Structures are given as structure tokens and as C-alpha cells.
Amino acid sequence: MKITREADYALRIIAMLADENRQIEAKAIAEKNDIPYRFTLKILRKIVQAGIIKSYRGVNGGYVLNKKPSEITLKDVIETIDGKIAINKCMENPESCKNNGICKVQHKLYKVQKVLADEMSKITFQDVLEGK
């Protein structure tokens, strides 16, 4: 499984907001994380819609976490950007697979996918801050 660049950037944005623990404007977020500004805005919009961060408009506008770092997991952020964690196409949408139910590999891959998703749901941004 490979997460997208967009999800990677979202993880870094959340880590930065957790570390800074204050409201930060989009331009500063983009510059600090070396992310193109317009791409930063697209990512911020998605994580605001998911309720992970809050946005404030106006002269003193910016972005801040909407939850405690201990309440936000890697899985939350990755799934907000990339959708449900799936290690292959069949795992993403089993009904679309013509071998669903008869594939000997599918069951084993599902176990691997479950372990991966479960582990990502255990790691919070508080853990990231503490270097755990």
C-alpha cells in the first residue's frame, strides 16, 4: 500500500498544527511544510469538512485543530484524503472483483489490510508529538 502525496501532506499538516497548538494561516502552513499553496488549500478544505480542523476567515483567519491530538489518528487523516484503506482494488470494493469468494489470496490480503488499518487507528497525533 502506498498513501498518496496528498495524504502524506495532510499528515504533516496535522502534525504541525498539533505541535504548534495555535491558529496558523494557510500560507504559513504551506511554507512550513513545503507544499504548494493551492494544494495546501485543497487539503485544508478536505480536513475541515471531515471535522479534524477548524477554519477561521478574515484578517486574523487561519486553521487550528478541532480535536485534541490524542483524538486524531493516522487512519482518520489518511481515510479523509484517500478513502478507506485498501491494499488492492479487490479489498476496496469486493463486489467489483470477478474472483470474489473464490480467490485464495483475497482472504489473506484482507487479514493484512485489517492489521494495517487497526494499527493506524491506534496511532494518534499525541503519539506523534511524543515520538512514540
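**How much of the chain is made up of buried residues?** Of the 132 residues in the chain, 33% are buried (buried means under 20% relative accessible area, exposed over 50%, and partly exposed in between, with a 1.4 Å probe and protein chains only). Bear in mind that this is a predicted model, where local features need pLDDT of at least 70, side-chain atom pairs count only at pLDDT 80 or more, and totals for chains, interfaces and linings use all residues. Residues are numbered from 1 along each chain as its sequence is written, and side-chain values use heavy atoms, with hydrogens and water left out.

**View 1. The whole chain, helix by helix and strand by strand.** Here you can pick out 7 helices and 2 strands (DSSP runs numbered from the N terminus: H or I of at least four residues for helices, E of at least two for strands). Follow the sequence and the pattern reads α-α-α-β-β-α-α-α-α. The C-alpha atoms fill a box of roughly 60 × 30 × 25 Å along the principal axes. Take the contacts with a separation of 6 or more: 62% of them are between residues 24 or more positions apart (a contact means heavy atoms within 4.5 Å).

**View 2. The surface and its charges.** About 8,500 Å² of the chain is exposed, and carbon and sulfur atoms supply 50% of that (areas come from the Shrake-Rupley method with a 1.4 Å probe; for residues, only the protein chains shown count as cover). There are 24 positive and 17 negative side chains, and the centres of the two sets lie 5 Å apart. Lys and Arg count as positive, Asp and Glu as negative, while His and the chain ends are not counted. Each charge is placed at NZ of Lys, CZ of Arg, CG of Asp or CD of Glu.

**View 3. Glu-20 and its partners.** The chain has 7 salt bridges (a side-chain nitrogen of Lys or Arg within 4 Å of a carboxyl oxygen of Asp or Glu). One of them pairs Glu-20 with Arg-22, at 3.1 Å from N to O. Glu-20 is partly exposed at 23% relative accessibility, and Arg-22 is partly exposed too, at 43%. Glu-20 also forms a salt bridge with Lys-32, with the closest N and O atoms 2.4 Å apart. Lys-32 lies in helix H2 (residues 26-33) and Glu-20 in helix H1 (residues 5-20), so this pair ties together parts 12 residues apart in sequence.

**View 4. Lys-132 and Glu-130.** The side chains of these two residues meet in a salt bridge, 3.1 Å from N to O. Lys-132 is exposed, with a relative accessible area of 71%, whereas Glu-130 is partly exposed at 44%.
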